[in-house]
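Good morning. Please have the sequence and the structure open while I talk, and stop me if you lose your place.

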Amino acid sequence: MAVDKRESTRYLKRVRLRYRSPNDRWRSAFSKDISTTGLYIVTTTVPATSRIEIEIVNEPPIYLRGSILRGEKVPPRLRGMMKGGIAVHLIEPPDAWCRLCLDLEEKIRARGAAAGVRFIQVTTDVTESEN
C-alpha cells in the first residue's frame with residue numbers, strides 16, 4: 001500500500017489561476033485540489049523547468065512560487081477520460097494563500113457539522129512483528 005507523504009490536508013477545490021515557467025508566457029488553468037503547501041494544476045502543458053510562478057485570479061490576486069514535483073501528460077484521445085497536470089510544492093506560501101485554505105477547511109467542517117458528520121484525526125501505528 002502506498003504511503004501518503006503529504007505535509008497537509010488537500011481539499012478538492014477548483015481555483016482559477018495562471019501559471020508560467022520563469023521567462024515564459026502565462027497560461028490559464030484551474031486547480032484540481034489545494035493545500036497550504038501545494039496544489040495540483042489541471043493542464044495539458046507540462047513546463048520543462050522545475051520552477052513555476054502562479055497567480056491565483058482573486059481579488060486581490062495571490063502570487064505563489066513553487067517547484068514541480070511531477071507532471072502528467074495525457075494523450076489527446078484520452079483527455080475526455082483522464083486529466084493531465086502538474087503537482088506543485090509551494091515555496092514560502094503567503095499568508096493570503098494559507099488563509100484561503102483554512103477558510104475552505106472551516107466551510108467544509110461547518111457543512112459537515114450541519115449534516116451531522118464528525119471529523120476525526122486518524123493516525124495509524126503499524127508495528128511489524130517477526131515470526
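**Cysteines, core and confidence**

Let me begin with the disulfides: the count comes to zero. Keep in mind throughout that this is a predicted model. Cysteine 98 is in no disulfide, and the nearest cysteine sulfur, that of cysteine 101, is 6.6 Å away. Cysteine 101 is likewise in no disulfide, with the sulfur of cysteine 98 as its nearest at 6.6 Å. The cut-off for a disulfide is two cysteine sulfur atoms within 2.5 Å, so a pair at 6.6 Å does not count. Is cysteine 101 buried or exposed? Cysteine 101 is buried, with a relative accessible area of 1%.

Next, the core. The largest nonpolar core has 20 residues, and Ile41 and Ile54 are those with the most contacts inside it. Which elements supply at least two residues each? They are strands E2 (16-20), E3 (27-34), E4 (38-42), E5 (51-56), E6 (62-72) and E7 (85-90), together with helix H1 (95-114).

Take isoleucine 41 as an example, and leave out residues up to four places away in sequence. Isoleucine 41 then touches, among others, Leu17, Tyr19, Phe30, Ile52, Ile54, Ile86 and Val88. Two glycines, Gly84 and Gly85, are also on the list, and so is Ser31.

That brings us to serine 31, which is found in strand E3. Serine 31 counts as buried, at 4% relative accessibility. What does its side chain reach at 2.9 Å? The answer is the backbone nitrogen of valine 15. A polar atom of the serine 31 side chain also lies 2.6 Å from the backbone oxygen of lysine 13. Beyond four places in sequence, the contacts of serine 31 are Lys13, Arg14, Val15, Leu17, Leu39, Tyr40 and Ile41.

Another polar residue to look at is glutamate 55, in strand E5. Its relative accessibility is 11%, so glutamate 55 counts as buried; the cut-off for buried is under 20%. Which side chain does the side chain of glutamate 55 meet in a polar contact? It is that of tyrosine 63, at 3.5 Å. With neighbours within four places set aside, glutamate 55 is in contact with Leu17, Arg18, Trp26, Pro61, Ile62 and Tyr63. Leu17 is also in contact with serine 31 and with isoleucine 41.

Now the backbone. Most residues other than glycine have a negative phi. Asparagine 23 has a positive phi, near 65°. Asparagine 23 sits in the loop between E2 and E3, and counts as exposed at 83% relative accessibility. Glutamate 92 also has a positive phi, near 45°. Where is glutamate 92 found? It is in the loop between E7 and H1, and at 67% relative accessibility it counts as exposed.

Last, confidence. The chain averages a pLDDT of 81, and 80% of the residues score at least 70. Among the elements, strand E1 (residues 11-12) has the lowest mean pLDDT, 84, and E7 the highest, 94. Over residues 121-131 the pLDDT is below 50, and this stretch has zero contacts in the model beyond near neighbours in sequence. Where pLDDT is low, the predicted coordinates should not be read in detail.

That is my part; I will take questions now.

Terms used. Residues numbered from 1 in each chain as written. Heavy atoms only, no water. Core = buried A, V, L, I, M, F, W, Y, C linked by side-chain atoms within 4.5 Å. Buried < 20%, exposed > 50% of the residue type's maximum accessible area, 1.4 Å probe, protein only. Helix = DSSP H or I, 4+ residues; strand = E, 2+ residues; numbered from the N terminus. Contact = heavy atoms within 4.5 Å. Polar contact = N/O pair within 3.5 Å; in protein donor to acceptor, adjacent residues only side chain to side chain. pLDDT = per-residue confidence, 0-100.
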